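Got your viewer open? Load the model and follow along, one selection at a time.

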Amino acid sequence: MRSVIIYSGGLDSTVLLYKLASENALAEAVSINYGQRHAKELEFAFQNCKKLGVKFNLIDLSSLNSVFGNSALTNQSIEVPDGEYARGNIALTVVPNRNMIMLSIAAARAMALGCGGVAYAAHSGDHALYPDCTPEFAGALAKAIALADERKIELLRPFINMGKADIVKLGAELGVDFSGTWSCYKGGKLHCGKCSTCRERRQAFIEAGVPDPTEYAS
Ligand SMILES: [Zn+2]
């Protein structure tokens, strides 16, 4: 079965890209410009697809920027908070209903291409933080996607029971060049090292015992 992957150019989805490419299970990578504050990750996404010979489909939804309101990830006038993921600063990094929008578009691509699945890299560490990363949400959406077409398209979440360190370990086994992935919310020249996703990234390499090639600004 071949699938469409939702591919951001971040660490988790790059490991998934490598995994599915190694299994010859990929039809296309769908990357979405939803008006995020920087496009660095999309450039990394393009480069990785080129390297693996995966078809890269960049979908421009940048006009959705006006939909999302006060998210630091889409609104340039709001500063990305530093520090660990916590209730106080997490709200600023929520892009309302992002996963439903992206999965819905990727499902449409899967239907258009005659693919059997849609894959995304949700992992166990996401659950507590973002409601649209929980198994309950994904289960409900999987049902809706299966009902949306005569062919039952499957929602694939192979990392759902894995932590980020497990994903780093798997990526190392698959030969992922982690320096070609982007996590930082800020989109500076280097990873900032201070925002919640930089902290999570750094910690995952330490826990996995895998050398971290990322250059952090601090
Ligand atoms: Zn950062």
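Before you click on anything, here is one term for the tour: two strands count as paired if DSSP finds at least two bridges between them. Keep in mind, too, that this is a predicted model.

**Start with the whole chain.** Turn on the cartoon view and you'll find eight helices and five strands. Walk along from the N terminus and the elements come in the order β-α-β-α-β-α-α-α-β-α-β-α-α. Of the 218 residues, 38% are buried.

**Next, select the strands.** In what order do they sit in the sheet? Reading across, you get β3-β2-β1-β4-β5, an open sheet with parallel pairing. At its edges are β3 (56–60) and β5 (154–156), each of which pairs on one side only. Look at how neighbouring strands of the sheet are turned against each other: the average is 25 degrees, ignoring direction.

**Zoom in on residues 26–33.** This is strand β2, which runs parallel to β3 and is joined to it by five bridges. To see one partnership up close, pick V30: its bridge partner in β3 is N57.

**Now add residues 40–52.** Here's helix α2, packed on the sheet where it touches β2 and β3. Its direction makes about 165 degrees with that of β2.

**Then pick residues 11–22.** Helix α1 lies across three strands: β1 (3–6), β2 and β4 (117–119). Compared with β1, helix α1 runs at about 165 degrees.

**Last stop: zoom back out.** Think about contacts between residues at least 6 apart in sequence. How many of them join residues at least 24 apart? The figure for this chain is 71%.

How values were computed
Residues numbered from 1 in each chain as written. Predicted model: local features only at pLDDT ≥ 70, side-chain atom pairs only at ≥ 80, totals over all residues. Helix = DSSP H or I, 4+ residues; strand = E, 2+ residues; numbered from the N terminus. Buried ≥ 20, exposed ≤ 12 C-beta atoms within 10 Å, placed from the backbone. Contact = placed C-beta atoms within 7 Å. Axes fitted to C-alpha atoms, helices over the stretch in contact; angles between N-to-C directions.
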